[in-house]
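Let's take a walk through a protein model together. Keep the 3D view open and turn it as you read.

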Amino acid sequence: MKNEAGSNGLESMRDRQSEVERRFSSRSKSYQDAARVQRESSDRMARSIDPWKESLPPGPVLEIGAGTGLFTRHLDRLFPNRELWITDLSQSMLDEAFNEVGFDFKVPSHRTFRIHNAEDGWFDPTDLQGSPSADLRPFRPDSGESPRMAWDRPGPWSLISGNFVAQWFQDPSDTLSRLATGIQPGGVLLMAMPGSDSFPEWKERCREAGIPFTGNPLPDTERLVIQCSNGPFQVDYYEEPFKTTYTSALHFFQELRAVGATTALTGARLSTGEFRNLVRMWDASVTPAPVQVTWHLLFLAIRRDI
């Protein structure tokens, strides 16, 4: 979940990123079993690569927000002969991704695991020379570089991908449009995320209970497409609802906690009494059927013109 307009609840971008990293790190062991929607999204995104797989230019592949490796395993299967850079804010999450793809120290590997904050931009792997810190080279608002300069200087990446990470950016539209400058001509930036129409049932129960909806604002499709279509880029997108069911509303919130998706970016929280009332009303509204939650899955592909 993510705040498109920015965070008022946390003091700074670094505070927000630190809190997000802390909460996900604390759930690195429970993430795989609880991440039902994230797993479904990663599987669908892997299938969506097929139209571009053979036409991608030669070059390395970058994954941002790899988490425990749900999408990493697909990249490893789809691109066994390409250099893969697998990144995340959380070291403990990267450790799980490392294990997920079955890393073998005895043989040379095309995979590199690296802590990296995607909101800082992309990096050029050819400049690393074994160093954990490389110069970041996106267009950034405070860099003094114009968007045109970034558009005229393509990056090194054949594919940049991320599953269920963009919603945590302070401004997904800005970050993704800047990350897109890191792809080569003919390259693709491919993202999957929950969109702004997610959780209508949760929102409706809050209205009925007379309490605020405390879910984080999520990326807006129209804004993403408009902003990411600037410059030499073509944007395709696909949206689809995905429904999950639970024996109780409490189980839904427990699943969010189990994957670490509990940072309140706006600072909005319910009191204990309000939360109990929400769960009670939600359960009562669907008895005896299970609680249903609708996710708005958004898949975004940004291709740089050849």
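Start with phenylalanine 199, which is buried because its relative accessible area is just 1%. You'll find phenylalanine 199 in the loop between S5 and helix H9 (200-209). Bear in mind that this is a predicted model, so every value here is computed from it.

Phenylalanine 199 also has a backbone quirk: its phi is positive, at about 65°, although it is not a glycine. Most residues other than glycine have a negative phi. Which other residue has a positive phi without being glycine? Phenylalanine 164 does, with a phi near 55°. Phenylalanine 164 sits in a loop too, the one between S4 and helix H8 (172-179). With a relative accessible area of 8%, phenylalanine 164 counts as buried. Here are the two side by side:

| Residue | Phi | Relative accessible area |
|---|---|---|
| Phenylalanine 164 | near 55° | 8% |
| Phenylalanine 199 | about 65° | 1% |

**Rings meeting rings**

Both of these phenylalanines belong to a cluster linked by ring pairs, made up of Phe164, Phe199, Trp202, Phe213, Tyr246, Phe252, Phe253, Phe275, Trp282 and Trp295. How many aromatic pairs does the structure hold? There are 18. A pair of aromatic rings is described by the distance of the centres and the angle of the planes.

Try that on phenylalanine 24 and tyrosine 31: their centres are 6.4 Å apart and the angle between the planes is 55°, a tilted pair. Phenylalanine 24 and tyrosine 31 are each buried.

Now look at phenylalanine 252 and tryptophan 282, both named in the cluster above. Their ring centres lie 5.9 Å apart with the planes at 65°, so this pair is edge-to-face; the cut-off for that label is over 60 degrees. Since phenylalanine 252 is in helix H11 (residues 249-258) and tryptophan 282 in helix H12 (residues 272-286), the pair ties together parts that are 30 residues apart in sequence. Phenylalanine 252 is buried, as is tryptophan 282.

Helix H12 has another residue worth a click: alanine 284. Buried or exposed? Alanine 284 counts as exposed, because its relative accessibility is 56%. Between the C-alpha atoms of alanine 284 and serine 248 there are 9.6 Å, although these residues are 36 apart along the chain.

Rings can meet charges as well. The charged end of arginine 114 sits over the ring of phenylalanine 123, at 4.2 Å from the ring's centre.

**The sheet**

Next, find the strands. The 7 strands make an open sheet with mixed pairing, and their order across it is S3-S2-S1-S4-S5-S7-S6. Which strands stand at the edges? They are S3 (111-115) and S6 (233-246); each has a single partner strand, so one side of each has no neighbour in the sheet. From one strand to the next, the twist averages 15°.

Follow strand S7 (residues 291-304) for a moment. S7 runs antiparallel to S6, and 14 bridges join the two. Across this pairing, glutamine 234 stands opposite arginine 303 in S7, and tyrosine 237 faces leucine 300 in S7. S7 also pairs with S5 in the antiparallel sense, over 7 bridges. Alanine 192 stands opposite phenylalanine 299 in S7. Buried residues number 12 of the 14 in S7, so the strand is mostly covered.

Some helices pack against these strands. Helix H3 (residues 36-48) lies across S4 (157-163), S5 (183-194), S6 and S7, and runs at about 145° to S6. Helix H10 (residues 221-228) also packs on the sheet, where it touches S5, S6 and S7, with its direction at about 160° to that of S6.

**Zooming out**

What does the secondary structure of the protein chain come to? The chain has 12 helices and 7 strands. Of its 306 residues, 54% are buried. Contacts in the chain with a separation of 6 or more are 81% between residues 24 or more positions apart. As for the outside, the accessible surface comes to about 13600 Å², and 50% of it belongs to carbon and sulfur atoms.

Notes
Residues numbered from 1 in each chain as written. Predicted model: local features only at pLDDT ≥ 70, side-chain atom pairs only at ≥ 80, totals over all residues. Heavy atoms only, no water. Pairing = 2+ DSSP bridges. Helix = DSSP H or I, 4+ residues; strand = E, 2+ residues; numbered from the N terminus. Axes fitted to C-alpha atoms, helices over the stretch in contact; angles between N-to-C directions. Contact = heavy atoms within 4.5 Å. Phe/Tyr/Trp six-rings, centres within 6.5 Å; stacked < 30°, edge-to-face > 60°. Buried < 20%, exposed > 50% of the residue type's maximum accessible area, 1.4 Å probe, protein only. Lys NZ or Arg CZ within 6 Å of the ring centre and 35° of its normal. Areas by Shrake-Rupley, 256 points an atom, 1.4 Å probe, with all protein chains shown as cover.
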